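Me: Hi! I've got a structure open and would like to talk through a few of its details with you. Can we go through it together?
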Amino acid sequence: LPEFARDEAYRARFQREVELGMRLKHPGLVAMHEYVADGEALGVSMELIRGRTLAQRLSGEGPLPANELVPLFVQILAAVGAAHAQGIVHRDLKPDNIMVRQDSGTPAVLDFGIAKADDSTARTRTGAAIGTGDYMPPEQHRSASRADARSDVYALGLSLYELLAGRLPWADDADLAGVLMAKLQGDIPSPRVFNATVPPGLTSVIDRAIAVEPGSRWPDTESFA
């Protein structure tokens, strides 16, 4: 939008997003091809993906069967792990940011717009929390600069929870303070409370992914998978 393109801080952030995206090379990550700046106009050419996000799938069809979701989720973990291996943390993983390709049924992780590169200068306000409140780990609520690979593990754990249970652990109208309190207290019911068909083994995998302390989580996407 022109009003954003005229803003120097936005332009710098947009260019950084594209440059980060162009560094990412993996079939499970949406491919960015070129940064375009023409006067005040800003753009990016990127891979065209035909398909639906996991959020759209969940909204239209309800919880995903575990035997279908688990193989797909392992591919998602591999894609995010590839970004981590290149020094990039996503910081806003959620079902809305994961598409499934219509032709192949494989996932594509989208929207690295607030991704953090470990070799970049942070452009976020000191102490600012960046991401989507429902999926952020407790440490990211306090400061975006605290996010690391284990923060993405947490967001993926909550995404897996939602896709299996058909909903997040808290009510849709819960405020951010209430959500954060539930996270800090570990007050999160089993996904089996909402969908009894969820295999018990998967609940223990999720429990570790969404542990309050980063050191208690799966240390990386490979171990999560």
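Me: To start, is phenylalanine 14 buried or exposed?
Reply: Happy to help! This is a predicted model, so please read the values that way. In it, phenylalanine 14 is buried, because its relative accessible area is 14%, under the 20% cut-off.

Me: And tyrosine 35, how exposed is that one?
Reply: Tyrosine 35 is partly exposed, with a relative accessible area of 22%.

Me: How many aromatic pairs are there?
Reply: The count is 4. One of them joins phenylalanine 14 and tyrosine 35, with 6.2 Å between the ring centres and 45 degrees between the planes, so the pair counts as tilted.

Me: Where do those two sit in the chain?
Reply: Phenylalanine 14 belongs to helix α2 (residues 8-23), and tyrosine 35 to strand β1 (residues 32-38). They are 21 residues apart, and their pair links distant parts of the chain.

Me: Which residues make up the aromatic cluster?
Reply: Phe4, Tyr10, Phe14 and Tyr35 form one cluster.

Me: Switching to charges over rings: what does the charged end of arginine 167 sit over?
Reply: The ring of phenylalanine 194, at 4.1 Å from the ring centre. Arginine 208 has its charged end over the ring of tryptophan 218, 4.2 Å from the centre.

Me: Helices next. Which residues are buried in α3?
Reply: In α3, which covers residues 54-61, Leu54, Arg57 and Leu58 are buried. Viewed down the helix axis, these buried residues fall within an arc of 100 degrees, so they line one face. Ser59 and Gly60, on the other side of α3, are exposed.

Me: Why do residues three or four places apart point the same way?
Reply: Because an α-helix has 3.6 residues a turn.

Me: What about α7, which residues are buried there?
Reply: Val179, Ala182 and Lys183 are buried in α7 (residues 176-184). Down the axis of α7, the buried residues fall within an arc of 100 degrees, so they too line one face of their helix.

Me: What follows α7?
Reply: Glycine 186 does, and its phi is positive, near 65 degrees.

Me: Last topic: how many cavities of 30 Å³ or more turn up?
Reply: A search of the whole structure finds 1. The largest cavity holds about 30 Å³ of space. It is lined by 10 residues, and the closest to its centre are Arg91, Asp92, Tyr135, Met136 and Ala155.

Me: How does that lining divide into nonpolar, polar and charged?
Reply: The lining of the largest cavity has 5 nonpolar, 3 polar and 2 charged residues.

How values were computed: Residues numbered from 1 in each chain as written. Predicted model: local features only at pLDDT ≥ 70, side-chain atom pairs only at ≥ 80, totals over all residues. Heavy atoms only, no water. Phe/Tyr/Trp six-rings, centres within 6.5 Å; stacked < 30°, edge-to-face > 60°. Helix = DSSP H or I, 4+ residues; strand = E, 2+ residues; numbered from the N terminus. Buried < 20%, exposed > 50% of the residue type's maximum accessible area, 1.4 Å probe, protein only. Lys NZ or Arg CZ within 6 Å of the ring centre and 35° of its normal. Arc of directions from axis to C-beta. 1 Å grid on protein atoms, 1.4 Å probe; cavity = no way out; pocket = protein on both sides within 12 Å on 5 of 7 lines; lining within 4 Å. Points joined across faces, edges and corners; volume = space filled by probe spheres on them. Nonpolar A, V, L, I, M, F, W, Y, C, P; charged D, E, K, R; others polar.
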